[in-house]
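Me: I am new to this structure. Please walk me through it in short questions and answers.

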Amino acid sequence: MRLEPTNIQQIGNELAIQWNDGTESYLDLQFLRRACPCAACGGEPDVLGNIMSRPGGMSYADNSFELAGFEIVGGYAIQPRWRDGHGTGIYSFQYLRRLSQPVTPT
Ligand SMILES: [Zn+2]
């Protein structure tokens with residue numbers, strides 16, 4: 001079965017995603033924005049779930065972490081639009097799923 005969301009909505013400062021395997025993900029919007037995978041942001045969490053910010057990379061405003069809306073792209077990804085005008089990050093469902101997985105302490 002191909003993993004895809006059955007429902008996506010913003011709840012407070014989180015993006016809530018229901019998946020077709022019956023699970024749910026809650027992604028903090030600030031975390032989501034910092035994980036923006038577009039070329040300008042280059043966000044990608046490391047194995048500990050920390051997102052390394054690139055030197056000289058994207059700078060954020062107060063409204064950078066506010067979601068203006070989102071679109072489903074190509075049936076495999078979500079493209080959020082942020083209130084600061086940024087909207088080039090395409091988050092594949094797999095990526096979202098990985099972002100939302102809890103980190104197991106070692
Ligand atoms: Zn970006």
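**The core and the two sheets**

Me: Which residues make up the largest nonpolar core?
Reply: This is a predicted model, in which local features need pLDDT of at least 70, side-chain atom pairs count only at pLDDT 80 or more, and totals for chains, interfaces and linings use all residues. Residues are numbered from 1 along each chain as its sequence is written. A nonpolar core is a set of buried Ala, Val, Leu, Ile, Met, Phe, Trp, Tyr and Cys residues joined through C-beta atoms within 7 Å. Here the largest such core has eleven residues in all: L15, I17, L32, A35, C36, C41, I78, Y91, F93, L96 and L99.

Me: Which element gives the most to this core?
Reply: Two elements, β2 (14-19) and α2 (93-99), give two or more residues to the core. Elements here are DSSP runs numbered from the N terminus: helices are H or I, at least four residues, and strands are E, at least two. With three residues, the element that gives the most is α2.

Me: What pattern does the protein chain follow along the sequence?
Reply: The secondary structure comes to two helices and six strands. Read along the sequence, they give β-β-β-α-β-β-β-α.

Me: Is C36 buried or exposed?
Reply: C36 sits in the loop between α1 (29-34) and β4. A residue is buried if 20 or more other C-beta atoms lie within 10 Å of its own, exposed if 12 or fewer, and partly exposed in between, with C-beta atoms placed from the backbone. C36 has 23 other C-beta atoms within 10 Å, so C36 is buried.

Me: What distance separates the C-alpha atoms of C36 and I90?
Reply: Along the chain, C36 and I90 are 54 residues apart. In space, their C-alpha atoms are separated by 7.6 Å.

Me: Which strands stand at the edges of the sheet β1-β2-β3?
Reply: Three strands form this open sheet, and the pairing is antiparallel. Two strands pair if DSSP finds at least two bridges between them. Each edge strand has a single partner strand, so one side of each is left without a neighbour in the sheet; these are β1 (5-11) and β3 (24-28).

Me: Which residue is the bridge partner of N7 in β2?
Reply: β1 and β2 pair in the antiparallel sense over six bridges. In β2, N7 has as its bridge partner Q18.

Me: In which order do the strands of the other antiparallel sheet stand?
Reply: Its edge strands are β4 (67-73) and β6 (91-92), and each pairs on one side only. Six bridges join β4 to β5 (residues 77-82), which run antiparallel. β5 and β6 pair in the antiparallel sense over two bridges. The order of this open sheet is β4-β5-β6.

Me: Which residue in β6 stands opposite I78?
Reply: On the β4 side, L67 has W82 in β5 as its bridge partner, and G69 stands opposite R81 in β5. On the β6 side, I78 stands opposite Y91.

Me: Which residues of β5 point to one face and are buried?
Reply: In a regular strand the side chains alternate between the two faces of the sheet. Along β5, A77, Q79 and R81 point to one face and are not buried. Pointing to the other face, and buried, are I78, P80 and W82.

Me: Which residue takes a positive phi in the hairpin of β4 and β5?
Reply: This hairpin has three residues between the strands. The residue with a positive phi, near 60°, is G74.

Me: Which residues does A68 touch?
Reply: A68 lies in strand β4. A68 is partly exposed because 13 other C-beta atoms lie within 10 Å. Two residues are in contact if their C-beta atoms, placed from the backbone, lie within 7 Å. Not counting residues up to four places away in sequence, A68 touches R81, W82 and R83.

Me: Which element has the highest mean pLDDT?
Reply: pLDDT is the predictor's confidence in each residue, from 0 to 100. The protein chain averages 86, and 79% of the residues score at least 70. Among the elements, α2 has the lowest mean (92), and the highest (97) belongs to β5.
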